[in-house]
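Trainee: Could we go through this chain together, one piece at a time, and reason from the coordinates to each answer?

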Amino acid sequence: MNLKNAQLEVDNWIKDHGVRYFNELTNMAQLTEEVGEVARIIARRYGEQSEKESDKNKDLGEELADVVFVVLCLANQTGVDLQAAFDKKMDVKTKRDHDRHHNNEKLK
């Protein structure tokens, strides 16, 4: 699925199952909360912190999907074509970073 279709799917879900989009500030707070949940899993599962027993069954993929869902909501309600923005960003990063990363001694 491309981002354009994902945005449409989220919009349809909001229309069919939600009452309306939460306002942008509420969604920003939600996004922060979801990113925090991802950070908690990463820090404990892959970092140096010990993982609590209650966190061991948390699904990283599910938490990442929560982040994507809220990002898609924010894009929809602010009129951002995320596919176009992503394509543009990938082009910029490709032109800017190709040689930089290949020449980075830290990555060898």
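Trainee: Which residue caps the N-terminal end of H4?
Mentor: In this predicted model, the place to look is the loop between H3 and H4, where Asp-81 is found. A polar side-chain atom of that residue lies 3.1 Å from the backbone nitrogen of Ala-84, and a side-chain oxygen lies 3.1 Å from the backbone nitrogen of Gln-83. The residue that caps the N-terminal end of H4 is therefore, with both atoms of the Gln-83 pair within the 3.5 Å cut-off for a polar contact, Asp-81.

Trainee: Does Asp-81 count as buried, partly exposed or exposed, and which is it?
Mentor: Leaving aside neighbours within four places in sequence, Asp-81 is in contact with Lys-4 and Gln-7. Its relative accessibility is 31%, and because buried means under 20% and exposed means over 50%, Asp-81 counts as partly exposed.

Trainee: How far apart are the C-alpha atoms of Asp-81 and Arg-45?
Mentor: Along the chain, Asp-81 and Arg-45 are 36 residues apart. In space, the separation of their C-alpha atoms is 34 Å.

Trainee: Where does H4 bend?
Mentor: Helix H4 covers residues 82-102, and its 21 residues reach 28 Å from the first C-alpha to the last, close to the 30 Å expected at 1.5 Å a residue. The helix nevertheless bends by about 40°, and the residue at which H4 bends is Arg-96.

Trainee: Which residues of H4 are buried, and which helices are among those that cover them?
Mentor: The buried residues of H4 are Leu-82, Gln-83 and Asp-97. What covers these buried residues includes helix H1, residues 3-17, and helix H3, residues 60-78. The helices to name, as part of that cover, are H1 and H3.

Trainee: Which side chain makes a polar contact with that of Gln-7?
Mentor: Gln-7 lies in helix H1 and, at 9% relative accessibility, counts as buried. Not counting residues up to four places away in sequence, Gln-7 touches Leu-72, Ala-75, Asn-76, Val-80, Asp-81, Leu-82 and Gln-83. A polar atom of its side chain lies 2.9 Å from the backbone oxygen of Val-80, while the side chain joined to that of Gln-7 by a polar contact of 2.8 Å belongs to Asn-76.

Trainee: What span should the 19 residues of H3 have, and what is the distance between its end C-alpha atoms?
Mentor: At 1.5 Å a residue, the 19 residues of H3 should span 27 Å. The end C-alpha atoms agree with that expectation, since their distance is also 27 Å.

Trainee: Which residue caps the N-terminal end of H3, and which residue just after H3 takes a positive phi?
Mentor: At the N-terminal end, a side-chain oxygen of Asp-59 lies 2.9 Å from the backbone nitrogen of Gly-61, and Asp-59 is the cap. Just after H3, a positive phi of about 75° is taken by Gly-79.

Trainee: Which helices are among those covering the buried residues of H3?
Mentor: The buried residues of H3 include Leu-60, Val-67, Val-70 and Leu-74, together with the polar or charged Gln-77 and Glu-63. What covers the buried residues of H3 includes H1, helix H2 (24-45) and H4.

Trainee: How far from Val-10 is Cys-73, taking their C-alpha atoms?
Mentor: Cys-73 is found in helix H3 and is buried, with a relative accessible area of 4%. Leaving aside neighbours within four places in sequence, Cys-73 is in contact with Val-10, Ile-14, Tyr-21 and Asn-27. Cys-73 and Val-10 are 63 residues apart along the chain, yet the separation of their C-alpha atoms is 6.8 Å.

Trainee: What radius of gyration does the chain have?
Mentor: The chain has four helices and zero strands, and its C-alpha atoms fill a box of roughly 50 × 45 × 25 Å along the principal axes. Buried residues make up 23% of the 108 residues. A compact globule of 108 residues would have a radius of gyration near 13 Å, but the value for this chain is 18 Å.

Trainee: Which residues does UniProt list for the domain "NTP pyrophosphohydrolase MazG-like"?
Mentor: The listed span is 77% helix and 0% strand, and its end C-alpha atoms lie 41 Å apart. The name comes from an unreviewed UniProt entry, which lists for this domain residues 23-99.

Conventions. Residues are numbered from 1 along each chain as its sequence is written. This is a predicted model: local features need pLDDT of at least 70, side-chain atom pairs count only at pLDDT 80 or more; totals for chains, interfaces and linings use all residues. Side-chain values use heavy atoms; hydrogens and water are left out. Helices (H or I, at least four residues) and strands (E, at least two) are DSSP runs, numbered from the N terminus. The expected span of a helix is 1.5 Å times one less than its number of residues. The bend at a residue is the angle between axes fitted to the seven residues ending there and the seven starting there. Buried means under 20% relative accessible area, exposed over 50%, partly exposed in between (1.4 Å probe, protein chains only). Contact means heavy atoms within 4.5 Å. A polar contact is a pair of N or O atoms within 3.5 Å; within protein, one must be able to donate a hydrogen and the other to accept it, and residues adjacent in sequence count only if both atoms are side-chain atoms. UniProt positions are given in the numbering used here, feature names are shortened, and annotations may be inferred rather than shown by experiment. The radius of gyration is taken over C-alpha atoms; the globule rule is 2.2 Å times the number of residues to the power 0.38.
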